[in-house]
Amino acid sequence: MKFVSLLALCALGLTASAQAEDGYDLWLRYHPLEKAAASHYAAIGATVVSASHSETANVTRDELVRGLSGLLAKKVTAREAITGNGAVLFGTPENSRTIAALHLPLEKLGPEGYLIRAAVVKGKPVTVIAGSSDVGVLYGAFRFLKLIQTRASIDHIDIASAPKVKLRLLNHWDNLDGSVERGYAGSSIFKWWELPAHSSQRMVDYARANASVGINGTVLINVNASSMILTREWLSKVARLADTFRPYGIKVYLAARFSAPIEIGGLKTADPLDPEVRAWWKNKADEIYHSIPDFGGFLVKANSEGQPGPQDYGRSHADGANMMAEALAPHGGVVMWRAFVYSHEVPVDRVKQAYDEFKPLDGKFRDNVIVQVKNGPLDFQPREPFSPLFGATPATAMGMELEITKEYLGFNTHLVYLGTLWQEVLDSDTFAKGQGSTVAKVVDGTLFDKKLTLMAGVANIGSDRNWCGSIFDQANWYAFGRLAWDPEAQAKDIAADWVKMTFTDNPVFDTAAVTLMMGSRETAVNYMTPLGLAHQMGTSGHYGPGSWIDNVGRPDWNPVYYHRADAQGIGFDRSPSGSDAVSQYAPALRDRLAKVETTPKNALLWFHHVPWSQPMKSGRTLWDELVARYGQGVAEVDTMATSWAKLKPYVDTERFDITADYLRIQRRDAQLWRDASVAYFASISHLPLPAGEKAPLHSLGYYKALEYPYAPGQGTPGRKIKPPPVDDAPTP
Ligand code: GCW
C-alpha cells in the first residue's frame, strides 16, 4: 500500500524533494512560469544548440536545458545544429562557425564578457549567446535564464555585458576542522575528510550559484590560516575541488600562513629576504601549479591580530607580499595582501592604522600584488565611513573586502540586506582626483588606470540546507556577486531581481519584499549603533549590545574605546583637535568632516565628541535624538514583521515560517539593544529619558550579565558557559 501511494505521489511530482522549498535552490529555482509567459518564452527557447563539448560548454548546455525545461515546464532538448525556429545558440567564434559568421563585436567585451542577441540564421529566428571564451558564454547563459525568470522582454534582445572587476572572489573563513570563523550557517561546506576521493554534488551547486552571479574565484580557507593546507596531502584535496569548480570559471586560491616555511618546511625563519625562505615559497608555488595549473594565488593576513608576518623580522608588508608574488609570478598567480593590520602597540586611534602602514608603501608592491582593504577603516561595522586608503595610493592596486557573513549585523537571524551598505561605500566620493572620484572607480581600476582589480566577500555559506542560514541572507551572497561584476549597480535593482528569482514575480509580494530589504540595514544601524557609533557589540561574539565593556586586554577591543561617552557628551573626536583621522581623507572631504556642522549626521559620533545637549536638526538634543533612534529601530523591526506577515499568501510555508520566526528574534534583539544601550548611556549622561520614552525593561546590571554562550561562529571549543543572569524585570 505504502509503495503504491509513493508511486502515485511521484507521478504527481509531489515527492518531498520536488516540493521542498527549503532554500537549497537559491535564486536558481527554475519553477514553471505561469502559462501565458511560458508559451511566450517557449517560442524563443525551443532548443539549446551547440556543437562544443568542452567542460564549460557542457555545463552551459546542462544549465540552459535545466533552466528552460523548468521554467517552460516542458522537455527542452539540446542539439548540435539549428533545426527549427527558436533555438538558443551558444558558443564562441572558435567553437561555432555560425557564431563566427555573425562577426559579433566580442573583443571589446574582454575574456569574460558576453553578448545576447536575437538573429536570423538560415532563415530561422534564433537567440545567440556568445562570448570570446566559454566562461563568458556561461555567464551569458545565466543572464538569459535570469531574463526569463524575471519575465523581462527578450523578443528583440540585444544586450552585452562585461565584468568591471577582474577578481570577484569569495573568501571563506573556513577552518580545516570544519568550523567556520564568523560563520552562522552550520559548518564548512568543504568536506576535507572525503576529499580528494569524493567531491559532492553540493560542490557543483556551489559553483553553479557562484558562476550565476559572476564570481570567478574562491579562497577556500580562513585568513587565520593553518599551514597544513600547503602540505602535499591537503593540496591533493584542494586540487580535486579546483577540478570541480573549473568548468564554472572558478579558480581556487588559498590563504597562506606567513610562517609556513618554519611550520611545514623545517626552516628556522620565515624572513622574506632570506634566500632559503624565498626558495621555499618558489618551490611550493611550483608544486601547487603542478597539480592545479590555474591556481589563483595567495591571500595573506600578516602582522594582524597575532598572525605572523614580515614585521616579525623587521621587514615591511611590501617585502613580504613581494616575496610571495615573485614565487607566483611565473605561473600567473597573484597575492592579495590584506590591509586589515594593527600593530602590537596600542594606537592613538585604531582606525588610522591601515592607512598609516600602507600609504608609505604606495608604489612598492610588485604588479601581481593587490592590497585587500576592508570597506571601512575599522571592521565591518553596520555603518562606517569608507576606508581612506581608497584614493590614497594611486601607485598600488587596491581591492575591496566586504563581509557577506553578518558578524556585526545580527548573524543569520536578523534580516539585513547588505546591498545598500555596500552601495553606500562604493558610491562614496574620495575626491582623490576631484569630484566624482568614487570608491567604485578606485575598485574597478578606472580612477588610477589599474588592470589588477578585486572585490572579495567574506562568505556567508555553510552546511545548512539553505546555504546561508536564512533565506534573506542568500540575497547578500547574490548582491555581492552582482556588485563585484558592476560596482556601480544599484542595490534596489539587485534586490528586485533576487526577490523575483527567489520567490515570485507577483508585484504585491515584490514591492513589499524589496521595500523591506531596502530599509533593513538602516533599521539595524538604528537599533545597534545610531548616529555614527561603532563597535558597541559584546566582545568576542559580536552579537548583542555591550557598550559598557571596558575590561578586554587591549583598549581598542573595548566598546568604551569607541563611544568615549562621559558626563558631557559622546563620540570619538577624530577632528584635527582629536586624533585627526579626518586628515587621512582628501582635503575637500577632510574639511567637511572636520566640523560638526558639515559632518553627515549618520557619521557624527564617528568623527566628533558631541555634547549631550547639542541641538540637532530634528529640533531634539543629541541625547533625545540618540534615544529616539534606538526606539525607531525597534519600531521599524515591528513594521518589517507586520509587512512580512501580510506576504504569507505568496510564499511557501517553509520559507515563510523561518523568516517570520527570525523576525521575531530580531524584534526581541532590537528591543534588547535599545534597552541595554539606553540604560547604559543614561547612567553616563545622567539625563532623564525624553518624554514618552519607556524605561528599559531591566536594570543595567541585568544587561551587563547577559552572555550568548551558544552563539555560533566563534570557533573556540571548550568555552565556559555561565548561567544566565537573574531576571530582574518587575512581574507584569
Ligand atoms: O572582524 C574581525 C573578526 C575576526 C577576523 C578578523 C579579520 C578572520 O572578528 O574573526 O578574523 O576581523 O578580518 O582578519
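**Entry 1: a pair of residues**

I started with one pairing: Lys 374 has Glu 401 as its bridge partner in S13. Lys 374 itself sits in strand S12. I noted right away that I am reading a predicted model.

**Entry 2: the strands on either side**

Next I looked up how S12 is held by its neighbours. Strand S12 covers residues 369–374, strand S13 covers residues 398–403, and 4 bridges join the two. They run parallel. Gln 372 is another residue to find here, as it stands opposite Gly 399 in S13.

Then I turned to strand S11, residues 334–338, which is joined to S12 by 4 bridges and also runs parallel to it. On that side I found Met 336 opposite Ile 370 of S12.

**Entry 3: the barrel**

I stepped back to see where these strands belong. They are part of a closed barrel of 8 strands, in the order S7-S8-S9-S10-S11-S12-S13-S14, with parallel pairing. From one strand to the next, the twist averages 25°.

**Entry 4: which way do the side chains of S12 point?**

I remembered a general rule: in a regular strand, side chains alternate between the two faces of the sheet. In S12, I saw Val 369, Val 371 and Val 373 pointing one way, and Ile 370, Gln 372 and Lys 374 pointing the other way. I also checked the cover of S12, and 6 of its 6 residues are buried.

Is Lys 374 buried or exposed? I looked up its relative accessibility, which is 5%, so Lys 374 counts as buried; the cut-off for that is under 20%.

**Entry 5: what Lys 374 touches**

Following the side chain of Lys 374, I found a polar contact of 2.7 Å with the side chain of Asp 379. A polar side-chain atom of Lys 374 also lies 2.7 Å from an oxygen atom of the ligand.

**Entry 6: the ligand**

Now I wanted to know which other residues reach the ligand. Lys 301 has a polar side-chain atom 2.6 Å from a ligand oxygen atom. For Tyr 408, an N or O atom in the side chain is 3.5 Å from an oxygen atom of the ligand. The protein covers 97% of the 340 Å² of accessible area that the ligand has on its own.

How many residues surround the ligand? I noted 15, and the closest are Glu 181, Lys 301, Lys 374, Asp 379 and Glu 407. Sorted by class, the shell has 8 charged, 4 nonpolar and 3 polar residues.

Conventions:
Residues are numbered from 1 along each chain as its sequence is written. This is a predicted model: local features need pLDDT of at least 70, side-chain atom pairs count only at pLDDT 80 or more; totals for chains, interfaces and linings use all residues. Side-chain values use heavy atoms; hydrogens and water are left out. A residue is near a molecule or strand if one of its heavy atoms lies within 4 Å of it. A polar contact is a pair of N or O atoms within 3.5 Å; within protein, one must be able to donate a hydrogen and the other to accept it, and residues adjacent in sequence count only if both atoms are side-chain atoms. Accessible areas come from the Shrake-Rupley method with a 1.4 Å probe; for residues, only the protein chains shown count as cover. Ala, Val, Leu, Ile, Met, Phe, Trp, Tyr, Cys and Pro count as nonpolar, Asp, Glu, Lys and Arg as charged, and the others, Gly among them, as polar. Two strands pair if DSSP finds at least two bridges between them. Axes are lines fitted to C-alpha atoms, for helices over the stretch in contact, and angles run from 0 to 180 degrees between N-to-C directions. Buried means under 20% relative accessible area, exposed over 50%, partly exposed in between (1.4 Å probe, protein chains only).
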